[in-house]
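Work through the exercises below with the model open beside the text. Try each task before reading its solution.

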Amino acid sequence: MVTIGNAHEDLIHDAVLDYYGKRLATCSSDKTIKIFDIENNGNGNENYKLTTTLTGHEGPIWQVAWAHPKFGSILASCSYDGKALIWKQQLEQPQQWSIIAEHTIHQASVNSVSWAPQELGAILLCTSSDGKVSIVEFNDDGTTSHVIFNAHSIGVNCASWAPITNTTINNQNKDQLKLQRRFVTCGSDNLAKIWKYDPTNNTYIEEAKLEGHTDWVRDVAWSPSVLIRSYIATASQDRAVLIWTQDKDGKWQKQLLTDEKFPDVCWRCSWSLSGNILAVSGGDNKISLWKENLQGKWESAGEVDQ
């Protein structure tokens, strides 16, 4: 295990590896983003070298997200200051990053940023405490367009894109690709909701409402790969994690990850890239790993307590 000491001067809220696992971006309540290069020192250990500190937000930064490398070296960030910023690395000066776009449409804290699957294009999904979700599309001609709508009455805490299931659609057929745009949101109204793109009005409509938690839903994660079926995990302040799967009629069914409550609030949930292992982090400062057995029950696959 590698520990990076003194990375920030305040609480760290997110840490994300880029597509190739060669860089780490972290963000903090100290209003900065730090980017580390990961170098292998030859004996199996990795060194994390701080290369850049980004400043531009005026409040705590909650989340960062790397875009797919086909769009360039691009990072999105969101903050309590109500903004989402898009940063791009300068090719001539790799240590220099500049803000190429500011998304300032929300009236309150922007709580999460998430890039769409790369097949859909350079599209950023933002959630906010103002109860709204916005989708920003960066078009090929350099322009941007956005859609914003009400999603959760008290505030939206997080969102996660659905994976692309129809991989046979060719990139030239943009209208067909748009119909694949789906995502799930979670909010302070104890709900998660699934949204799908509506081409008639160029907006997103509610496809399903996932009811099961008794307190704020803090995080939601759609499994990135479609295995036997599609999985969604929701983590809540009610100290429970629910796993949602679709039955043959298309209805979403819920299952408790574990019969016993977690020791503290469940803050985050995250799937492995293969989609079969779920990591859950909570207020007890532990990360637990879970895997589904052949009987369809979820069982512990380990724990990280640092």
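The exercises that follow treat a sheet, a core, a pocket and some single residues.

This is a predicted model, in which local features need pLDDT of at least 70 and side-chain atom pairs count only at pLDDT 80 or more, while totals for chains, interfaces and linings use all residues. Residues are numbered from 1 along each chain as its sequence is written, and side-chain values use heavy atoms, with hydrogens and water left out.

**Exercise 1. The open sheet**

Find the order of the four strands in the open sheet, and explain why one side of E9 and of E12 has no neighbour.

Step 1. Fix the terms. Strands (E, at least two residues) and helices (H or I, at least four residues) are DSSP runs, numbered from the N terminus. Two strands pair if DSSP finds at least two bridges between them.

Step 2. Read off the order. The open sheet runs E9-E10-E11-E12, with antiparallel pairing.

Step 3. Look at the edges. Strand E9 (110–115) and E12 each have a single partner strand, so one side of each is left without a neighbour in the sheet.

Step 4. Add the twist. From one strand to the next, the twist averages 15 degrees; axes here are lines fitted to C-alpha atoms, for helices over the stretch in contact, and angles run from 0 to 180 degrees between N-to-C directions.

**Exercise 2. The two hairpins of E11**

Describe how E11 pairs with E10 and with E12.

Step 1. Take E10 first. E10 and E11 are antiparallel and share five bridges. Cys126 has Ser134 in E11 as its bridge partner, and Thr127 has Val133. Three residues lie between the strands of this hairpin, where Gly131 has a positive phi near 85 degrees.

Step 2. Turn to E12. E11 and E12 are joined by seven bridges in the antiparallel sense. Phe138 is opposite Thr144 in E12. This hairpin has five residues between its strands, and Gly142 in the turn shows a positive phi of about 90 degrees.

Step 3. Check the cover. Five of the seven residues of E11 are buried, where buried means under 20% relative accessible area, exposed over 50% and partly exposed in between (1.4 Å probe, protein chains only).

**Exercise 3. The largest nonpolar core**

State how many residues the largest nonpolar core has and which strand supplies the largest share.

Step 1. Define the core. A nonpolar core is a set of buried Ala, Val, Leu, Ile, Met, Phe, Trp, Tyr and Cys residues joined through side-chain atoms within 4.5 Å.

Step 2. Count. The largest such core has 18 residues, and those with the most contacts inside it are Val133, Ile135, Phe149, Trp161, Phe183 and Tyr204.

Step 3. Assign the strands. E10 (123–128), E11 (132–138), E12 (144–150), E13 (156–161) and E15 (191–198) each give at least two residues. The largest share, three residues, comes from E13.

Step 4. Follow one member. Not counting residues up to four places away in sequence, Phe149 touches Gly131, Lys132, Val133, Ile135, Phe183, Trp195, Thr203 and Tyr204; contact means heavy atoms within 4.5 Å.

**Exercise 4. The second largest pocket**

Determine which residues lie nearest the centre of the second largest pocket.

Step 1. Define the pocket. On a 1 Å grid over the protein atoms alone, a pocket is an open set of points with protein on both sides within 12 Å along at least five of seven lines, and lining residues have an atom within 4 Å of a point.

Step 2. Give its volume. The volume is about 510 Å³, meaning the space filled by probe spheres set on the points, which are joined across faces, edges and corners.

Step 3. List the lining. Of 23 lining residues, Leu120, Gly121, Glu137, Lys174 and Arg181 lie nearest the centre. E11, E12 and helix H1 (174–178) each give two or more residues to this lining.

Step 4. Examine Lys174. Lys174 is found in H1 and is exposed, with a relative accessible area of 52%. Its C-alpha atom is 8.2 Å from that of Leu120, 54 residues apart along the chain.

**Exercise 5. Leu85 and Asn202**

Decide for each residue: buried, partly exposed or exposed?

Step 1. Leu85 is in strand E7 (residues 84–89). Leu85 counts as buried because its relative accessible area is 0%.

Step 2. Asn202 lies in the loop between E15 and strand E16 (203–211). Asn202 is partly exposed, because its relative accessible area is 41%. Its phi is near 50 degrees, a positive value in a residue other than glycine.

How values were computed. 1 Å grid on protein atoms, 1.4 Å probe; cavity = no way out; pocket = protein on both sides within 12 Å on 5 of 7 lines; lining within 4 Å.
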